[in-house]
Amino acid sequence: MNRSIAPSMLSADFGRIGEVCAMLDGSAADRIHLDILDGVFAPNISFGFPVCEAIAAASHKPLDIHLMIVRPEDYIERFAALKGARYIAVHIEACGGRLRKVLRQIRALGLQAGIAISPGTPVESLIEYFGEFDYVLVMGVNPGYSGQKYMPETLERVGIISEMAAAADASFFIEVDGGVGKANIGDLRRAGATVFVSGSSVFDAPDPVAAIANLAS
Ligand code: DX5
Ligand code: ZN
């Protein structure tokens, strides 16, 4: 049962970023998840372009960029220019009426466009954008930090999104982000998700390579 694992660098040891990237390159990780936080959209600040460029230079995996920032359109081009950049998700809550334009901006740069949706946002708000995005990033926690408690209603939200996609014959993949671990990944996969972000379940494990392989299997 295919499960793509996207380790979130928000949980990584930034004092050893080169070693971390080498470890990920040798792992079953499908892509590297970069959590970009501006301290306005969510109450945390993560890292910017110098760090993203260092990660891009030190790894060979595709970059899965998660923009938790209020004006993503101002930075899409710079993120798209990163070596290995393949996916960019922007929050529906941050873009409002500009979302369609931002999604088209991402696709016009040759990347896959994702809509990130926070736990408090109704999944039905995705429907009017069907056809305009390549994936949905379903948050299992509120944006801001790794290591938070998984919100169990995420499973039902993934199931509803899968049903809505089937009813509309819309094709996109579902990525789950936040609180993913061995205990919930199987149910989430069966509900229709195929890509799984994991921060603390990977980087807090004694053997991250084994943890990634375990989640992927
Ligand atoms: C939260 C981030 C998530 C988080 C995942 O705002 O978008 O990617 O870092 O970390 P875990 O897997 O520990 O919840
Ligand atoms: Zn994320």
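Histidine 66 is found in strand β3 of this predicted model. Is this residue buried or exposed? Histidine 66 counts as buried, because its relative accessibility is 0%, and the cut-off for buried is under 20%. Tucked away like that, histidine 66 still has plenty to touch: leaving out residues up to four places away in sequence, its contacts are His33, Leu34, Asp35, Ile36, Ala89, His91, Ala116, Leu137, Met139 and Asp177. With one of these, histidine 91, there is also a polar contact between side chains, at 2.9 Å.

Two of the residues that touch histidine 66, Asp35 and Asp177, turn up again around ligand 1. In total, 19 residues surround this ligand, and those that come nearest are Asp35, Gly144, Asp177, Gly199 and Ser200. How do some of these meet the ligand's oxygen atoms? For glycine 144, a polar backbone atom sits 2.7 Å from an oxygen atom of ligand 1. Glycine 199 likewise has a polar backbone atom 2.7 Å from a ligand oxygen. Serine 200 uses its side chain instead, with a polar atom 2.5 Å from an oxygen atom of ligand 1.

Next comes the empty space. Rolling a probe the size of a water molecule over the atoms shows where such space is left. The largest pocket has a volume of about 210 Å³. Its lining takes in 24 residues, and Tyr145, Ser146, Asp177, Gly178 and Gly179 lie nearest the centre. So Asp177 is on the list for the pocket centre as well as on the one for the ligand. Which elements help to build the lining? Strand β3 (63-68), strand β8 and helix α8 (200-203) each supply at least two residues. Sorted by class, the lining has 14 polar, eight nonpolar and two charged residues.

Strand β8 (195-198) also shows up in the packing of helix α7. This helix covers residues 182-190, and its buried residues are Asn184, Ile185, Gly186, Leu188 and Arg189. What do they pack against? Besides β8, the partners are β1 (4-7), α6 (153-168), β7 (173-177) and α9 (208-216). After α7 comes glycine 192, with a positive phi near 120°.

Another glycine, at position 110, lies in the loop between α5 (99-108) and β5 (112-117). Glycine 110 counts as exposed because its relative accessibility is 66%, and the cut-off for exposed is over 50%. Glycine 110 is 25 residues from alanine 85 in sequence, and their C-alpha atoms are 9.7 Å apart in space.

Technical notes. Residues numbered from 1 in each chain as written. Chains lettered and ligands numbered in written order. Predicted model: local features only at pLDDT ≥ 70, side-chain atom pairs only at ≥ 80, totals over all residues. Heavy atoms only, no water. Buried < 20%, exposed > 50% of the residue type's maximum accessible area, 1.4 Å probe, protein only. Helix = DSSP H or I, 4+ residues; strand = E, 2+ residues; numbered from the N terminus. Contact = heavy atoms within 4.5 Å. 1 Å grid on protein atoms, 1.4 Å probe; cavity = no way out; pocket = protein on both sides within 12 Å on 5 of 7 lines; lining within 4 Å. Points joined across faces, edges and corners; volume = space filled by probe spheres on them. Nonpolar A, V, L, I, M, F, W, Y, C, P; charged D, E, K, R; others polar. Near = heavy atom within 4 Å. Polar contact = N/O pair within 3.5 Å; in protein donor to acceptor, adjacent residues only side chain to side chain.
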